Amino acid sequence: ALFTLPLVGRLPDTLPDWNDAADSTWRIGTISRNLLTDPLHLYRTPALYPLDNALALDELLTGQGFFAAPVVWLTGNTVLAYNLLNFLSFALSGFAMWLLVRHLTGSYLAGLVAGMVFAFSPWHYGQYGHLGLAAQFWMVFALYFLVRFLEESEPPARPANRRSLLFLGLFALCFFTQALVAGYYAYFAAILVAIYMTYHVAFRSGAAAWLWSRLRRRTSSPEFRPRVLFAQLGLLAAASAMIVALLAPFVLPFAQAKSGYGFTRALDEVSYWSAGLKSLLRTTRHSWLYEPVQVNALGLETSAEREMYPGLVASLFAVVGLVAWRSGRKWAFAAVAFVGLLLSFGPYFNLDAYGEQSTGIPLPYKWLYEHVPGFDALRVPQRFGQLFMLGVAVCAGYGAAALARWASVRRTALRAALPLVAVVLVAVEFFGTGLPDVHTGTGAASPEVYRWLASEEGRAEVPPDALLLELPVSQGESAINTSPIYMVYELEHRRPMLNGSANIVPRGYERLYSEMRRFPTPGTLDIIEGLGVKYLLVHTGGLLNDGKRADLAAEAASPGGRVQLVRSFPDTPNFPEGSRAELYRLVPAQGRFDRLRDAVPPGSSVWLVDHPARLRLYNTALPALLGPDRTYYADFTTIYDAVTGRREPAQPGALYDYAAIYQGDDPTKYGYREENRVDIGENDIISVYRK
């Protein structure tokens, strides 16, 4: 509770931010709702219209949605569910590590130190807004049960005895859950298990010592029971097959979306989000101890994807553990820390984060990116710092256990004080308060516009099936994860929306985002009319300038205007003071497209020419504006084609009766002449040419 202040006092009505945290809140809320109303379509959402499985365009958070569901069902408060899961991620990270290290060392103190390191490391703090990544504890539980399975299946017990199978089942359950709560962690947990099993097969089973003695031709060999090892590996293979089978129906929609949209992360982008040597000096922005030193003395800024400081105290404990603890198992966790650190550096070795001061030296991550399925979809190699901290935490636990054993043998006064001293040292170094929070009221505390839309009056005025567009689509510079806070409140009003939030940006959505930055020009009103929008919710403070606000007001005040003001509400606090949330009804244009329809008679073939250098959407909406009694051809597709009108693939070299070409583009490139341009009235976006 102290380490996450002010979270515990603001569970029902704050989020860490309105970006990633809001996106996760919407996702777990949608899954919770679908579990009750449509459990066979967990990823269905009214957002990103007209897509069906839009939740499959981003990270896998299905497991978090399952855990959030009881809270959402009982309270209707998705923000509360998000914050409870966030808070529990700290508590359960500590508990899981305590459980594992206490078992490995037999020391409660070792477990406590390791748990503190793992739960409150700057790396974990940095994922405060990433709900899936915060839930790192399931792989530790999985590893604990794997260790117990291997121990319980050793002689004199049979490998498949009741206790060993129980632990194997719990391992499979925890591994499955870890992959389901965060897609990244399917890879992390697999690497963790692979490293530990390599140690077990080579050393703990006695295989390496037996093979070494054979190579040296010694008459006596160390004990090695290959049948036991093969039985363990066979049972693990069966458990792994079961995990894959259980995960398949949840993961398949994500794999289909990745394949269908040809989604990969560019190597430059991956390198940009990689760690560097200086990342190890960057701690949380909320550290009371190190933030002044980090900024003023070292001149290092930090952010959520830069924080990898392992802690001086934790590092010293880890060194003591590696030197003083006699069990060879410690080297397995040293290997985990090393592999995690190496992978966090990404495809090339950098001296600093964000690809700065790159040496150009390729690293193993590059090979994994090129050869392991799905690895090319991971955006932030720095997140492998989680495995680094996991290994450091266990090694620190070994160090604490070694110190506790030393103090116990000597019966010094330190024996009584050591637990308190060790925990205080870790706590003092990692403590940092003031985690970010943004007020996010829900239900009766929601912004007035969303409460009205969800009310009986609002549902009578704005039909539940009326397509809504909320503007501005985003105040950022990218179509990725655009204004996910709109999606949080979609959970309350439940209208279908053109807006959406995704990392895999579907074809055409980036064009919608680009076009709507021009709103409220006549062309943007044409586009949204063609896409089927019935209502607009405009946050006036988010429009790019005063001129656009004046244009919108003039359009609404005009007798023949294409928007009618329904209601105006006080806006949400993330917009500038004085901003209003204004709800408009979109009025179909009267006569605007008559000249265009007359110029392109029914039965004509129409080529909808794209301009690859421009993110334009007008020609996608054009079939809906012209009508269905023409045949349309295009060399591009968008997710909106199904609602604006059927089109055929344009054939290379073919000439069609008419071509709609964006103004500024040369019609002769497509086989049409300037003198054959037809009069379509006022339209500053496209020109139409006859064959």
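Which residue just after α23 takes a positive phi? In this predicted model, the residue in question is Gly532, with a phi of about 95°. The helix before Gly532, α23, covers residues 522–531 and is mostly tucked away, with eight of its 10 residues buried. Those buried positions are Gly523, Thr524, Leu525, Asp526, Ile527, Ile528, Gly530 and Leu531.

Stepping back to the whole chain, there are 27 helices and 14 strands to keep track of. The C-alpha trace stretches about 95 × 55 × 50 Å along its principal axes. Of the 691 residues, 55% come out as buried. What is left open to the outside adds up to about 28,800 Å² for the chain, and carbon and sulfur atoms supply 60% of that area. As for who touches whom, take the contacts with a separation of 6 or more: 74% of them link residues 24 or more positions apart.

Strand β5 is a neat case for a closer look. In a regular strand, side chains alternate between the two faces of the sheet. Strand β5, residues 468–471, has Leu468 and Glu470 pointing one way and Leu469 and Leu471 pointing the other. Both sets are covered, since all four of these residues are buried. The partner of β5 is strand β6 (residues 535–539); the two run parallel and are joined by four bridges. Within this pairing, Glu470 sits opposite Leu537 of β6.

Further along the sequence comes strand β13, made up of residues 677–678, and Val678 belongs to it. Is Val678 buried or exposed? Its relative accessibility is 12%, and because the cut-off for buried is under 20%, Val678 counts as buried. Leaving aside residues up to four places away in sequence, Val678 touches Ala599, Tyr658, Val688 and Arg690. Val678 can also be set against Val600: the two are 78 residues apart in sequence, with 8.9 Å between their C-alpha atoms.

Then there is the matter of empty space. Rolling a probe the size of a water molecule over the atoms shows where such space is left. For this chain, the search turns up one cavity of 30 Å³ or more. The largest cavity holds about 30 Å³ of space. Its lining consists of Arg592, Phe593 and Leu596 together with Ile680, Glu682 and Asn683. By residue class, that lining is a mix of three nonpolar, one polar and two charged residues.

How values were computed: Residues numbered from 1 in each chain as written. Predicted model: local features only at pLDDT ≥ 70, side-chain atom pairs only at ≥ 80, totals over all residues. Heavy atoms only, no water. 1 Å grid on protein atoms, 1.4 Å probe; cavity = no way out; pocket = protein on both sides within 12 Å on 5 of 7 lines; lining within 4 Å. Points joined across faces, edges and corners; volume = space filled by probe spheres on them. Nonpolar A, V, L, I, M, F, W, Y, C, P; charged D, E, K, R; others polar. Buried < 20%, exposed > 50% of the residue type's maximum accessible area, 1.4 Å probe, protein only. Contact = heavy atoms within 4.5 Å. Areas by Shrake-Rupley, 256 points an atom, 1.4 Å probe, with all protein chains shown as cover. Pairing = 2+ DSSP bridges.
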